[in-house]
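Here is a walk through one protein chain, from its overall form down to single residues. Keep the sequence and the 3D view side by side as you read.

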Amino acid sequence: MQEYTPPIDDYRFLLEEVLEFDRAMSNLGKDVDASLAAAVLEEGGKFCAERLHPLNREGDEHGSALVNGDVIVPPGFADAYRAFSEAGWPALAADPAHGGQGLPFILQLWLDEMLSASNLSFGLFPGLTRGATEAIAAHASDDLKARYLPPLVSGEWTGAMALTESGAGTDLALLKTKAADRGDGSFAVTGQKIFISSGDHDMAANIIHLVLARLPDAPPGVKGISLFLVPKFLPDGARNAMSVGALEKKMGIHAQPTCVMNYDGATGWLIGEPHRGLAAMFTMMNAERLMVGIQGLGIAGAAYQQAAAYAKDRLQGRSSDGARGPVPIIDHADVRRMLLKTRAFVEAGRAMAGWTALQLDRAHGHMDATERAKANARVALLTPVIKAAFTDFGFESAVEAQQVFGGHGYIREWGMEQFVRDARIAQIYEGTNGVQAMDLVGRKLSLGGGTVVEELFALMEADIGSAADLFVAKRTGEALASLRQVTADLRGADADAAGAAAVDYLRLFALVAFGWMWTRMAQVATSDSPLHRSKRMVAEFYARRMLPQARGLAESIAAGEASLMALPADAF
């Protein structure tokens, strides 16, 4: 496997030329400029490249192990996590009130990209911890915040999210885990959860589980779910009544311990109001959905790097005129097609992630409450798009990059098959991509009575209009017009019609969003520098070879649900 090179030049280009980072920070009253942000990302990139990337393949080969009831992570992971925490990376964007550095979330999201690119299994540990931190900070009592947030923010402790049960996956109304009031402010939590990432390990002094459970007087359905903080070790140092029943044997992310967790009257404390736990847990889930989307982006970026380097070195076949041979496979049109498809997604996705992260910074820090609400609504609208589209394109990119290697991509020593295996889970966990698409169509398009999506379309339209001389802007404008029409047609659609359209709609939405980002990048890439030249060329490729998919998706959506629902269930 080649070395991993953090995309610092691309981050700098986006910060300085595309996203107007300095102005955004000035509007938020933050004393951070693009130069400082790039320097922070450069240091984070060094850690990923030098400490985490070398552990990635060994972690996959070795895996985590359950030994005498305790989970042992692969060699080097615990030391790397201590170094990661000592350097302050878990606290990067956390609230200073709890020991965080308070830096913009855009730096956190791009650090997540580099973590995912260099070692996806490792990146889940701090990612889940951050989600738990956000849920506790937003919903827990002051006492719980004071006790648990500082060590979580510092990385001394880690977090885990315990939702899924064998009979309750997407439909959490079916969960059976119980919680009984002990009368002293604590609760006894009893039940079994499955698929619990980072559920147990030997990397931190404590692991804080956020567990969904029902109180005895809970009403049925999701309105009867409460959220509990359940630590591995209690405040007095005693081990809590929770244990690992098994480690899941998975297709990928072998170094990440995915646990079956048994809670046998484990002591926990209520977070938020009784029977309102799902609303509190969604704070963590939405944070995780953004992170998972970035996992798809990170894997795609790393796979592209490996494939592009291989394509320049691998000699096969003759030149198109037959005059030279063997030639590097980068000379062959089909190899370039695969590489450019991946690069066109990665660079547009990176820009889209940065734009969304700045909206989240705005939602948290703008002085005007109306502006905070608008930004928060935009993030809510885009969260299912980032989660689903980034992981779909990420998996497809990993497969394309593997294909560049031919037979060498199928064997372990090159690392490409690990990218494919690791990327696959991101389309499944934190809500499958079909569920994300249904959330977009069924809930998010109606935010603000439809004004949120219309305002986003208006922003896109304005940027496209200001770059009307660019071919990518013209093509994106055409695709946006189709998206507007489809959006209008879907308003008020019944469940079958929405379900039939959802996945195609989300992909169409993403293609337009990527075209928007390519328009913005191409518009400022006017110099003769290698970076600017490449941006213009990849934007042209995207407009001519990828955006035309929008027409087919719009036609598929317009076909409706009839052909999907006609076949009787017993005929499948």
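What follows starts with the whole chain, moves to its cores, and ends with individual positions.

This is a predicted model. The chain holds 17 helices and nine strands. Its C-alpha trace spans about 80 × 60 × 55 Å along the principal axes. Does that extent go with a compact or an extended chain? Consider the radius of gyration. A compact globule of 572 residues would have a value near 25 Å. The chain has 24 Å, which agrees with a compact globule.

Now look at how the chain is covered. Of its 572 residues, 56% count as buried. The exposed surface comes to about 22,700 Å². Carbon and sulfur atoms supply 53% of that area. Contacts reach far along the sequence. Take those with a separation of 6 or more: 75% of them join residues 24 or more positions apart. Charges come next. The chain carries 53 positive and 68 negative charges. The mean positions of these two sets are 3 Å apart.

Go inside. The largest nonpolar core has 171 residues. Which of them touch the most other members? They are L210, Y505 and F509. Helix α7, residues 277-313, gives this core its largest share, with 18 residues. Apart from this core lies another one, of 21 residues. Its members include A162, F228, L247 and M261.

Stay with L210 for a moment. Setting aside residues up to four places away in sequence, L210 touches A132, A135 and I136. Its list also includes A160, M161 and A162. L227, F228 and L229 are on it too. I271, M281 and M284 complete the list.

Next, find helix α10, residues 416-424. This helix is mostly covered, with eight of its nine residues buried. The buried ones are M416, E417, Q418, F419, V420, R421, D422 and A423. What do they pack against? Four helices serve as partners: α3 (34-62), α5 (105-139), α7 and α9 (369-404).

A charged residue can be followed in the same way. R350 lies in helix α8, residues 333-365. Is R350 buried or exposed? Its relative accessible area is 7%, so R350 counts as buried, the cut-off being under 20%. Leaving out residues up to four places away in sequence, R350 touches P7, D10, Y11 and L14. It also touches W110, E113 and L297.

Two more buried positions are worth a stop. The first is S226, in strand β7, residues 226-231. S226 has 0% relative accessibility and therefore counts as buried. Beyond its neighbours within four places in sequence, S226 is in contact with V211, L212, A213 and L215. L270, P274, H275 and G277 are in contact with S226 as well. A188 is 38 residues from S226 along the chain, and their C-alpha atoms are separated by 13 Å.

The other is A525. Look for A525 in the loop between α14 (495-524) and α15 (530-546). A525 is buried too, because its relative accessible area is 0%. Apart from neighbours within four places in sequence, A525 is in contact with H532, K535 and R536. R324 is 201 residues from A525 along the chain. The C-alpha atoms of this pair are separated by 34 Å.

Finish with the backbone. Most residues other than glycine have a negative phi, and most peptide bonds are trans. Where does this chain depart from that pattern? Start with F195, in strand β5, residues 187-197. The phi of F195 is near 60 degrees, a positive value in a residue other than glycine. S198 also has a phi near 60 degrees. S198 is found in the loop between β5 and β6 (206-213). With a relative accessible area of 0%, S198 is buried.

One peptide bond also stands out. The bond from G325 to P326 is cis, with omega near -5 degrees. P326 is found in the loop between α7 and α8. Trace that loop in the 3D view, and you are back at α8, the helix that holds R350.

Note on methods:
Residues numbered from 1 in each chain as written. Predicted model: local features only at pLDDT ≥ 70, side-chain atom pairs only at ≥ 80, totals over all residues. Heavy atoms only, no water. Helix = DSSP H or I, 4+ residues; strand = E, 2+ residues; numbered from the N terminus. Rg over C-alpha atoms; globule rule 2.2 N^0.38 Å. Buried < 20%, exposed > 50% of the residue type's maximum accessible area, 1.4 Å probe, protein only. Contact = heavy atoms within 4.5 Å. Areas by Shrake-Rupley, 256 points an atom, 1.4 Å probe, with all protein chains shown as cover. Lys, Arg positive; Asp, Glu negative; His and termini not counted. Charge placed at Lys NZ, Arg CZ, Asp CG, Glu CD. Core = buried A, V, L, I, M, F, W, Y, C linked by side-chain atoms within 4.5 Å.
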